[in-house]
Each structure stands twice: as C-alpha cells, then as structure tokens.
Amino acid sequence: SNIAKDIDLIKQLYGSVGYNFTQVDVKVREIDKLNLDLIFEIEKGEETRISKITFIGDKKIRDKRLRDIVASEEHKFWKFISRNTKFNQNIINMDTRLLTNYYRSIGYYDVQIKSNSAEIDKKSGDVELIYSIDAGNRYIIKKIVTNTDPVIDKNIFYSLNKEYQKSIGSYYSPFKVKKLLEKIDEIIANNNLQFIEHNVEEIIEEDAIVIKFNIYEGEKILVE
C-alpha cells in the first residue's frame with residue numbers, strides 16, 4: 001500500500017542520517033465522510049554509531065592505510081562533529097567504491113570487495129563494519145600500443161610513444177589510462193580531426209596488462 005511505502009521511505013530517510021531503529025506509527029483521523037487526516041508518529045530512536053572498522057581477507061594493505069581510504073570513521077568521543085561516524089548504507093556504498101578505486105589505482109586490477117557486513121551490538125546499538133577484501137594479483141603495464149584506422153595518418157599520434165614509455169613497466173592505474181586518453185583527445189583537437197573516435201582495450205597477460213588504444217573514424221553526421 002501507499003502508506004507502507006511512505007513508512008519505508010521515512011525509515012530510509014532517518015537511516016540515511018544514522019537513525020536505523022526508527023519506529024513509525026500511523027493514525028487516521030476522520031474529518032468527514034470524504035476526508036481523512038493521516039498522522040505519522042515518529043520515534044527516531046538512538047543514533048547507530050560505528051564502533052569499529054575491520055578489514056579481513058587477502059587485503060595486502062595495512063589496516064591503518066585502509067582506514068585512511070574509507071569515508072567511514074570509528075566513533076571516538078572527540079569526533080562528535082563528524083557525520084562519518086554514523087552508520088548508514090550510503091557510507092558503506094561509498095567505502096566500497098573508494099576501496100575498489102584505491103586498489104585499482106596501485107595495480108590490483110581485479111580486486112574484489114567480496115562482502116561487507118555490519119554487526120550490531122545489542123547493548124550499545126553501535127555497529128562494527130567488516131569489509132572482506134580479495135586484492136588479487138598486482139599488475140604492471142607491459143606494453144601500450146596505438147591501433148589507428150587505415151584512413152588516419154598514424155604519424156599524427158607518434159608523439160604518444162614518449163608518453164607511453166613513462167608508464168610501461170610501472171603498476172597499472174586507471175588514472176594513467178585516463179591521462180593518456182586525454183593526450184589522445186588533445187592531439188585530435190589540435191589537428192582538427194573530425195569524426196575521430198577512440199576506445200581502449202586492457203588485455204591481461206599473466207601478471208601484466210597490455211593497453212591498446214583504438215583510434216578510428218566514427219559515423220559522419222551531416223547537418224543541413
């Protein structure tokens with residue numbers, strides 16, 4: 001029913017700011033035969049605070065460093081201003097993204113944040129966050145190549161080779177790939193190459209990655 005959906009929405013809104021045990025009751029007051037008043041009585045309850053953050057699994061990185069990466073923080077009495085000590089699903093989702101991005105940025109291409117769980121202390125109502133991490137292999141960049149469409153003068157992109165050498169042999173990072181894509185965009189713009197598009201392939205070869213930039217002529221759109 002719509003009322004049940006409204007109750008769920010109210011609980012979600014309170015949960016998003018750390019009140020995970022909110023109680024919502026609905027009362028109906030009849031105004032006349034055609035009209036009713038709905039009264040939502042809300043007991044927000046106590047805030048759910050993060051008492052501890054734990055990392056388990058084949059994480060390969062020290063816990064102290066991982067705590068610096070995530071947005072959530074363990075509740076301490078001197079952190080009464082911080083919002084990130086309050087438990088909510090949004091902050092867990094953010095932590096998962098931050099951990100994934102961090103691991104990939106230092107070469108752990110296929111990292112998996114296998115699970116996250118929250119264990120609630122029934123006495124205090126506080127929660128322990130537990131993140132299970134499988135870092136996987138750490139990959140270096142073995143080779144970077146440019147594959148240009150035959151209709152494009154490949155010499156235009158020759159200067160990229162110097163940029164490639166800076167990354168070859170180092171650990172993989174999506175930020176390095178992004179920087180090279182920006183260089184490609186810059187060359188395309190400076191040479192006024194119209195209808196030119198590109199994509200990137202990342203090919204795993206044992207403990208290394210080959211990065212392949214495909215540059216090709218896209219669909220021509222004529223404006224009358």
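**Exercise 1. A salt bridge and its surroundings**

Does Asp58 count as buried, partly exposed or exposed, and at what relative accessibility? Work out how Asp58 pairs with Lys60 as well.

*Solution.* A word of caution before we start: this is a predicted model.

Step 1. Look up the accessibility of Asp58, which is 41%. Buried would need a value under 20%, and exposed a value over 50%. Asp58 therefore counts as partly exposed.

Step 2. Now find the partner. Asp58 forms a salt bridge with Lys60, and their closest N and O atoms are 2.7 Å apart.

Step 3. Check the partner in the same way. Lys60 has a relative accessible area of 46%, so Lys60 is partly exposed too.

**Exercise 2. More salt bridges**

How many salt bridges does a search of the whole structure find? Take the pairs Arg29 with Asp37 and Lys114 with Asp134, and describe each.

*Solution.*

Step 1. The search of the whole structure turns up nine salt bridges.

Step 2. Start with Arg29 and Asp37, whose side chains meet at 3.0 Å, N to O. Arg29 is partly exposed at 48%, and Asp37 is partly exposed at 26%.

Step 3. Go on to Lys114 and Asp134. Their N-to-O distance is 3.9 Å. The cut-off for a salt bridge is 4 Å, so this pair still makes the list.

Step 4. Ask where the two residues sit. Lys114 belongs to strand E4 (residues 112-120), while Asp134 belongs to strand E5 (residues 127-134), so the salt bridge ties together parts that are 20 residues apart in sequence.

Step 5. Finish with accessibility. Lys114 counts as exposed at 58%, whereas Asp134 is partly exposed at 26%.

**Exercise 3. Checking helix H5**

Does the span of helix H5 agree or disagree with what its 17 residues should give? Then sort its residues into a buried side and an exposed side.

*Solution.*

Step 1. Helix H5 covers residues 174-190. At 1.5 Å a residue, the expected span is 24 Å. The end C-alpha atoms are 24 Å apart, so the two values agree.

Step 2. List the buried residues of H5: Val177, Leu180, Leu181, Ile184, Ile187 and Ile188. Looking down the helix axis, you'd see them fall within an arc of 115°, so they line one face of H5.

Step 3. Turn to the face pointing away from that buried side. There you'll meet the exposed residues Phe175, Lys179, Ala189 and Asn190.

Step 4. Find what covers the buried residues. The cover includes strand E6 (140-148), helix H4 (160-167), strand E7 (196-205) and strand E8 (208-217).

Step 5. Look at the two ends. At the N-terminal end, Ser173 acts as a cap, with a side-chain oxygen 3.1 Å from the backbone nitrogen of Phe175. Just after H5 comes Asn192, with a positive phi of about 50°.

**Exercise 4. The same routine on helix H4**

Which residues of H4 are buried, and which are exposed on the other side?

*Solution.*

Step 1. The buried ones are Leu160, Glu163, Tyr164 and Ser167. Seen along the axis of H4, they fit within an arc of 105°, so they line one face of the helix.

Step 2. On the other side, Lys162, Gln165 and Lys166 are exposed.

Step 3. The cover over the buried residues of H4 includes E6, H5 and E8. H4 was itself listed among the cover of H5.

Step 4. Just past H4, Gly169 has a positive phi of about 95°.

**Exercise 5. A buried threonine**

Where is the place of Thr54, and which residues does Thr54 touch?

*Solution.*

Step 1. Thr54 sits in strand E3 (residues 50-58).

Step 2. Its relative accessible area is 17%, and the limit for buried is under 20%, so Thr54 is buried.

Step 3. Leaving out residues up to four places away in sequence, Thr54 touches Glu128, Leu129, Ile130 and Tyr131. With Glu128 there is also a side-chain polar contact of 2.7 Å.

**Exercise 6. Stepping back**

How many helices and strands does the protein chain have?

*Solution.*

Step 1. Count them up: five helices and eight strands. Along the sequence they follow the pattern α-β-β-β-α-α-β-β-β-α-α-β-β.

Step 2. Of the chain's 224 residues, 33% count as buried.

Step 3. The chain exposes about 14,900 Å², with carbon and sulfur atoms supplying 49% of that area.

Key: Residues numbered from 1 in each chain as written. Predicted model: local features only at pLDDT ≥ 70, side-chain atom pairs only at ≥ 80, totals over all residues. Heavy atoms only, no water. Buried < 20%, exposed > 50% of the residue type's maximum accessible area, 1.4 Å probe, protein only. Helix = DSSP H or I, 4+ residues; strand = E, 2+ residues; numbered from the N terminus. Expected span 1.5 Å × (residues − 1). Arc of directions from axis to C-beta. Contact = heavy atoms within 4.5 Å. Polar contact = N/O pair within 3.5 Å; in protein donor to acceptor, adjacent residues only side chain to side chain. Areas by Shrake-Rupley, 256 points an atom, 1.4 Å probe, with all protein chains shown as cover.
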